[in-house]
Amino acid sequence: AKAPYRDIHFKEQVIQWYTPFLTDQLVIITEGEKGSYAYSEDRVIHQPAEPVHQVIDATGAGDGYTSGFIAEYFKSNNVVKAMEKGSKFAAKILTKIGAN
């Protein structure tokens, strides 16, 4: 969406606003240490960020979240489980140097 979550109107039709051309719509917005948000129909889901003792490098954390999310979502078709997996993958990336 290229917008901070505070600028997104959570109670409105956020998916139709940002992606009006999609029919089955699921929007995931990541906010670093604040966690991530999923928007599906009239539902908003928040996933807290996985705790990380020491952040070494944030390079690739968003890609790690995305890969974890997609892999779990294809496997289980469960948004909540997919967000949890994405958060765990992102946390692993944060503890290493470079995009791993």
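In the predicted model, strand β2 and strand β3 (residues 43-47) are paired in the antiparallel sense, with five bridges between them. Within this pairing, serine 36 faces glutamine 47 of β3. Two residues lie between the strands in the hairpin of β2 and β3, where glutamate 41 adopts a positive phi near 55°.

On the N-terminal side of the hairpin, strand β1 (residues 27-30) is likewise joined to β2 in the antiparallel sense, over four bridges. Threonine 30 is the residue that stands opposite serine 36 of β2. Serine 36 thus has threonine 30 across from it and also glutamine 47 in β3. The hairpin of β1 and β2 has five residues between the strands, and glycine 32 takes a positive phi near 60° there. Strand β2 itself (residues 36-40) has four of its five residues buried, and it is therefore largely enclosed by the rest of the structure.

The largest nonpolar core consists of eight residues, namely Ala38, Ile45, Tyr65, Phe69, Val79, Ala82, Met83 and Ala90. Helices α2 (61-76) and α3 (79-94) are the elements that give two or more residues to this core. The largest share, four residues, is supplied by α3. One of the core residues, alanine 90, is in contact with Ala61, Gly64 and Tyr65 when neighbours within four places in sequence are left aside.

The structure contains two aromatic pairs. In one of them, the ring centres of tyrosine 65 and phenylalanine 69 are 6.4 Å apart and the ring planes meet at 10°, so this pair is stacked. Both residues belong to helix α2, where they are four residues apart, about one turn of the helix. Tyrosine 65 and phenylalanine 69 are both buried. Phenylalanine 69 also forms a stacked aromatic pair with tyrosine 73, at 5.6 Å centre to centre and with 10° between the planes. Because phenylalanine 69 and tyrosine 73 are four residues apart in helix α2, about one helical turn separates them. The accessibilities of these two residues were also examined. Phenylalanine 69 counts as buried because its relative accessibility is 9%, which falls under the 20% limit for burial. Tyrosine 73, by contrast, has a relative accessibility of 25% and so counts as partly exposed. Taken together, Tyr65, Phe69 and Tyr73 form one aromatic cluster. Of the cluster's members, Tyr65 and Phe69 are also part of the largest nonpolar core.

The model was also searched for open space. The largest pocket has a volume of about 310 Å³. Its lining is made up of 21 residues, of which Gly32, Glu33, Ala49, Ala90 and Leu94 are the closest to the centre of the pocket. Helices α2 and α3 are the elements that give two or more residues to this lining. The largest share of the lining, four residues, comes from α3. Helix α3 thus gives the largest share to the lining of the largest pocket and also to the largest nonpolar core. Alanine 90 likewise appears in both settings, as a member of the core and as one of the lining residues closest to the pocket centre. Glycine 32, which takes a positive phi in the hairpin of β1 and β2, is also among the residues closest to that centre.

Note on methods: Residues numbered from 1 in each chain as written. Predicted model: local features only at pLDDT ≥ 70, side-chain atom pairs only at ≥ 80, totals over all residues. Heavy atoms only, no water. Buried < 20%, exposed > 50% of the residue type's maximum accessible area, 1.4 Å probe, protein only. Pairing = 2+ DSSP bridges. Core = buried A, V, L, I, M, F, W, Y, C linked by side-chain atoms within 4.5 Å. Contact = heavy atoms within 4.5 Å. Phe/Tyr/Trp six-rings, centres within 6.5 Å; stacked < 30°, edge-to-face > 60°. 1 Å grid on protein atoms, 1.4 Å probe; cavity = no way out; pocket = protein on both sides within 12 Å on 5 of 7 lines; lining within 4 Å. Points joined across faces, edges and corners; volume = space filled by probe spheres on them.
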